Structure formats: structure tokens, C-alpha cells
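Okay, thanks everyone for squeezing in. I'd like to walk you through one model today, strand by strand, and then finish on a couple of residues. Have a look at it first.

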Amino acid sequence: MRWLLALFCLAFVAVSQASVAESLDGKVIEKVLVLKSAHQLQLINDGKPLKTYRISLGRGATKGPKLVEGDKRTPEGFYWLDWRKTSDKFNLSMHISYPNIADSARARREGVDPGGMIMIHGTPDTEDNPEDLFHTLDWTDGCVAMRNVDMREIWNLVPDGTMIEIRP
């Protein structure tokens with residue numbers, strides 16, 4: 001019976017540590033805000049930006065919100081950063097819960113596929129495709145991309161379950 005209690009305690013510690021993120025100047029990130037027109041991602045605490053990063057967006061980002069799979073637009077609205085993964089192509093990535101209920105309802109009404117797999121991610125960094133090549137371009141298929149050093153910082157500061165708002 002003791003081993004079962006010990007196993008439970010170890011599992012609880014492992015899970016709780018996995019969801020703890022670092023803080024920025026002692027402040028916890030309450031929300032991530034993406035301002036598409038300014039090409040900015042902001043970490044928000046108490047309604048104020050704590051840190052701002054330069055981002056790249058989908059190639060069709062300036063044409064409005066994502067409407068259909070393959071339109072290369074970045075969505076607009078309220079979502080969650082719900083899981084993360086490492087990627088050979090884009091280094092670190094955090095999934096945005098697109099489509100939300102409104103996106104899905106619109107797509108159903110229009111009889112289209114809204115798409116999915118929208119992420120915040122780093123950039124390729126190979127000899128053929130150096131990271132600096134991507135930093136000032138809108139080049140993604142609808143994702144939010146940033147320099148790898150910035151993505152590592154976001155990865156450590158923003159826990160899964162954080163709200164993300166994407167504005168035009």
C-alpha cells in the first residue's frame with residue numbers, strides 16, 4: 001500500500017512540475033496577445049504588455065482572418081495554447097486551439113474545411129535556409145513564427161492552457 005502512495009506522489013510531482021512556467025520579473029503570463037498588423041506578439045500580465053516580440057505570419061495574413069484550409073491566413077479571435085511539441089523543421093512549437101466554436105460554426109455554414117494545426121513556432125535554421133532569411137517576412141501557412149531564441153523564451157514563460165488573442 002505504501003508503494004502505491006509513493007507512486008501517486010511521484011506522479012503528482014512530475015505532472016505538476018511539467019505545467020509550471022518561469023515568470024517574467026516575478027509576474028505570471030496571463031495572456032498572449034498577437035497584433036497581426038504590427039507583427040507583434042505580447043506577453044500580458046494585469047492587462048499590460050510585459051514583453052513584445054517581432055513575429056512573422058501567414059502569407060495571406062493581411063487579407064483578414066483564416067477562413068478555409070490552405071488560405072495561408074492567420075486566424076483572428078480567442079484561442080488557447082493547448083499543447084506543445086518539438087519539431088525538426090521549426091524547432092519548438094505551441095499549438096493554438098484553432099478552430100474555435102465560432103470558426104467551426106462559420107465553416108459548417110459555408111460548407112468549407114476551416115483548417116487546423118495553427119502553431120506558434122520557431123524558424124528553420126539550416127545552411128540552405130538560415131534563420132535570418134525568415135525573420136522579417138510573412139512566410140508561414142497561417143502560423144505565428146518567431147526567432148528561435150524568442151521561441152525558447154516563450155516556451156519557458158507560457159504554460160499550456162494560456163489564452164491567446166489574435167487581433168487584426
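So, β4 and β5, residues 91–96, are antiparallel partners, with six bridges joining them. Keep in mind as I go that this is a predicted model. If you want to find the pairing by residue, look for Thr 86, which sits opposite Leu 92 in β5. Another pair to click on is Trp 83, which faces His 95 in β5. And what joins β4 to β5? A hairpin does, through three residues.

Now the other neighbour of β4. With β8 there are five bridges, and that pairing is antiparallel too. Gly 77 is the residue across from Ile 166 in β8.

While we're on β8, which covers residues 162–167, let me stop at Thr 162, which belongs to that strand. Is Thr 162 buried or exposed? Its relative accessibility is 5%, so it goes down as buried, given that the cut-off is under 20%. The side chain of Thr 162 reaches the backbone oxygen of Pro 159, at 2.7 Å. If you skip anything up to four places away in sequence, Thr 162 touches Ile 29, Glu 30, Lys 31 and Val 32, and also Tyr 79, Trp 80 and Leu 81.

Okay, zooming out. In what order do the strands of the sheet come? It's an open sheet of eight strands, and reading across you get β3-β2-β1-β8-β4-β5-β6-β7, with mixed pairing. The edges are β3 and β7, residues 144–145; each has a single partner strand, so one side of each has no neighbour in the sheet. And just as a reminder for anyone who lives in force fields: strands in a sheet pair through backbone hydrogen bonds, parallel or antiparallel.

Let's walk the β1 end of things. Strand β1, residues 31–35, runs antiparallel to β2 and is joined to β2 by five bridges. Lys 31, which we just met as a contact of Thr 162, stands opposite Ile 44 in β2. β1 and β2 make a hairpin with four residues between them, and His 39 in that turn has a positive phi, about 55 degrees.

Carry on to β2 and β3, and you have six bridges, again in the antiparallel sense. Ile 44 shows up here as well, with Pro 49 as its bridge partner in β3. So Ile 44 is bridged to a residue in β3 and also has Lys 31 opposite. The β2 and β3 hairpin has two residues between the strands, and there Asp 46 takes a positive phi near 55 degrees. How covered is β2? Mostly: five of its six residues are buried.

There's a helix on this sheet as well. That's α3, residues 148–157, and it lies across β2, β3, β4, β5 and β6, running at about 55 degrees to β5.

Quick detour to a loop. Val 68 lies between β3 and β4. At 29% relative accessible area, Val 68 counts as partly exposed. Val 68 and Val 112 are 44 residues apart in sequence, but C-alpha to C-alpha they're 6.3 Å apart. Leaving out residues up to four places away, Val 68 touches Val 112, Asp 113 and Pro 114.

Last stop. UniProt, in an unreviewed entry, puts "active site" at His 121 and Cys 143. These two span 23 residues in sequence, yet their C-alpha atoms are no more than 7.5 Å apart, so they gather at one spot. Both His 121 and Cys 143 are included in the lining of the largest pocket.

Where does each one sit? His 121 is in strand β6, while Cys 143 is in the loop between β6 and β7. His 121 counts as buried at 3% relative accessibility, and Cys 143 counts as buried at 11%. Setting aside residues up to four places away, His 121 touches Cys 143, and its other contacts include Phe 90, Trp 139 and Met 151. On the same terms, the contacts of Cys 143 include Ser 56, Gly 58, Thr 74 and, of course, His 121.

That's my tour. Who wants to start?

Note on methods:
Residues are numbered from 1 along each chain as its sequence is written. This is a predicted model: local features need pLDDT of at least 70, side-chain atom pairs count only at pLDDT 80 or more; totals for chains, interfaces and linings use all residues. Side-chain values use heavy atoms; hydrogens and water are left out. Buried means under 20% relative accessible area, exposed over 50%, partly exposed in between (1.4 Å probe, protein chains only). Contact means heavy atoms within 4.5 Å. Two strands pair if DSSP finds at least two bridges between them. Axes are lines fitted to C-alpha atoms, for helices over the stretch in contact, and angles run from 0 to 180 degrees between N-to-C directions. A polar contact is a pair of N or O atoms within 3.5 Å; within protein, one must be able to donate a hydrogen and the other to accept it, and residues adjacent in sequence count only if both atoms are side-chain atoms. UniProt positions are given in the numbering used here, feature names are shortened, and annotations may be inferred rather than shown by experiment. On a 1 Å grid over the protein atoms alone, a cavity is a set of points where a 1.4 Å probe fits but cannot get out, and a pocket is an open set with protein on both sides within 12 Å along at least five of seven lines; lining residues have an atom within 4 Å of a point.
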